[in-house]
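Subject: The structure we talked about

Hi,

Here is the structure I promised to pass on. Have a look at it first, and then read on for what turned up.

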Amino acid sequence: MKLYGSKNSRSLRCTWALEEVGASYDYQHVWLMKGEGQSPAFKAINPAGKIPVLSDGDMTLTESVAIVMYVAEKFPDAALMPTNAKQRAEAFRWIFFVVSEVEAHLWTIAQHRFALPEDKRVPAVEATCVWQLQREFRVLEKFLTARPFISGDRFTAADILVTHCLTWALSAKLDGVGQACLAYIERMKQRPAFARAVARERDAAEQQDAAATPSATA
Ligand SMILES: N[C@@H](CCC(=O)N[C@@H](CS)C(=O)NCC(=O)O)C(=O)O
């Protein structure tokens, strides 16, 4: 398997899942800020020019949540998704919740802060997104006050996605993430697989940077 990703992006969800299951995989850093996502070579892999992308044999898979779910299914022994129908539904509940009710607003904020062309940005949108996000943060706070993991008493793929969105909210300096959510983020960051995933993405970015920078002594 090969994952195409970028530091500080949604690809961390996939590297984290791959590390949780102990998969062996190649990782290629794609410098979005340097326009690599739009290069003909990368667009031949994903015509949308976006990361993450996972290739596995003859399959090329985009969409971070689909990749996380594929990893969960390919490595069933790691139990990233429960097999019991009710527990599985509970994990899916939080995956859909965080993508549709939290990530959507985070992405709208990012688009109107920097991702859209300047003449398409409407800064006033942010206040509405923040208001909606704070309602969703209160929902997460209620559940994470009562349980160690978002879908119950064990780690699932839903924790990868919820943690990623909560850390995204913090790095965007948004208010309203509660104490139980903050404690949960810290617990999730203590997972060895999380630390390995962050290091893998960071090291790949640094290596690519070093390779592109002419040596001072050359
Ligand atoms: N829904 C997609 C979103 C993918 C996406 O927008 N990725 C961003 C980085 S987090 C990207 O590649 N942006 C480059 C671009 O839009 O040109 C997913 O979850 O994988």
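How far apart should the ends of helix α6 (residues 157-171) be, given its 15 residues at 1.5 Å a residue? The expected span is 21 Å, and the end C-alpha atoms of α6 are indeed 21 Å apart, so the two values agree. Do keep in mind that this is a predicted model.

While we're on α6: 12 of its 15 residues are buried, so the helix is largely enclosed by the rest of the structure. Among the buried ones are D159, H164, C165 and W168. The cover over these buried residues includes α1, α3 (64-74), α4 (85-115), α5 (125-146) and α7 (179-189). Just past the end of α6, K173 has a positive phi of about 60 degrees.

Now the overall layout. The protein chain splits into domain 1 (2-78 + 194-212) and domain 2 (85-191). Their C-alpha centres are 21 Å apart. Where the two meet, 13 residues of domain 1 are in contact with 18 residues of domain 2.

Next, the largest pocket, which has a volume of about 1,600 Å³. Its lining is made up of 45 residues, and those nearest the centre are N8, S9, R10, L32 and W107. Two or more lining residues come from each of α1, α3, α4, α6 and α8 (192-212). Which of the elements gives the most to this lining? That would be α4, with 9 residues. By type, the lining residues comprise 21 nonpolar, 14 polar and 10 charged. Both domains take part in the lining, with at least three residues drawn from each of domain 1 and domain 2.

A few single residues are worth clicking on as well.

S9 was named above as one of the residues nearest the pocket centre. It sits in the loop between β1 (2-5) and α1 (11-21). Is S9 buried or exposed? S9 has a relative accessible area of 14%, and the cut-off for buried is under 20%, so S9 counts as buried. Setting aside neighbours within four places in sequence, S9 is in contact with I51 and H164. H164, you may recall, is among the buried residues of α6.

T15 is in helix α1. At 0% relative accessibility, T15 is buried too. Which residues does T15 touch, if we skip those up to four places away in sequence? They are L3, Y25, Y27, A197 and E201. There is also a long jump in sequence here: T15 and A193 are 178 residues apart along the chain, yet their C-alpha atoms are 8.7 Å apart in space.

Last one: H112, which belongs to helix α4. Its relative accessibility is 18%, and since buried means under 20%, H112 counts as buried. Not counting residues up to four places away in sequence, H112 touches K120, R121, V122 and V125.

If you want a route through the model, try α6 and its cover, then the lining of the largest pocket, and then the surroundings of S9, T15 and H112.

Cheers

Notes
Residues are numbered from 1 along each chain as its sequence is written. This is a predicted model: local features need pLDDT of at least 70, side-chain atom pairs count only at pLDDT 80 or more; totals for chains, interfaces and linings use all residues. Side-chain values use heavy atoms; hydrogens and water are left out. Helices (H or I, at least four residues) and strands (E, at least two) are DSSP runs, numbered from the N terminus. Buried means under 20% relative accessible area, exposed over 50%, partly exposed in between (1.4 Å probe, protein chains only). Contact means heavy atoms within 4.5 Å. The expected span of a helix is 1.5 Å times one less than its number of residues. On a 1 Å grid over the protein atoms alone, a cavity is a set of points where a 1.4 Å probe fits but cannot get out, and a pocket is an open set with protein on both sides within 12 Å along at least five of seven lines; lining residues have an atom within 4 Å of a point. Grid points are joined across faces, edges and corners, and a volume is the space filled by probe spheres set on the points. Ala, Val, Leu, Ile, Met, Phe, Trp, Tyr, Cys and Pro count as nonpolar, Asp, Glu, Lys and Arg as charged, and the others, Gly among them, as polar. Domain bounds come from an automatic or database domain assignment.
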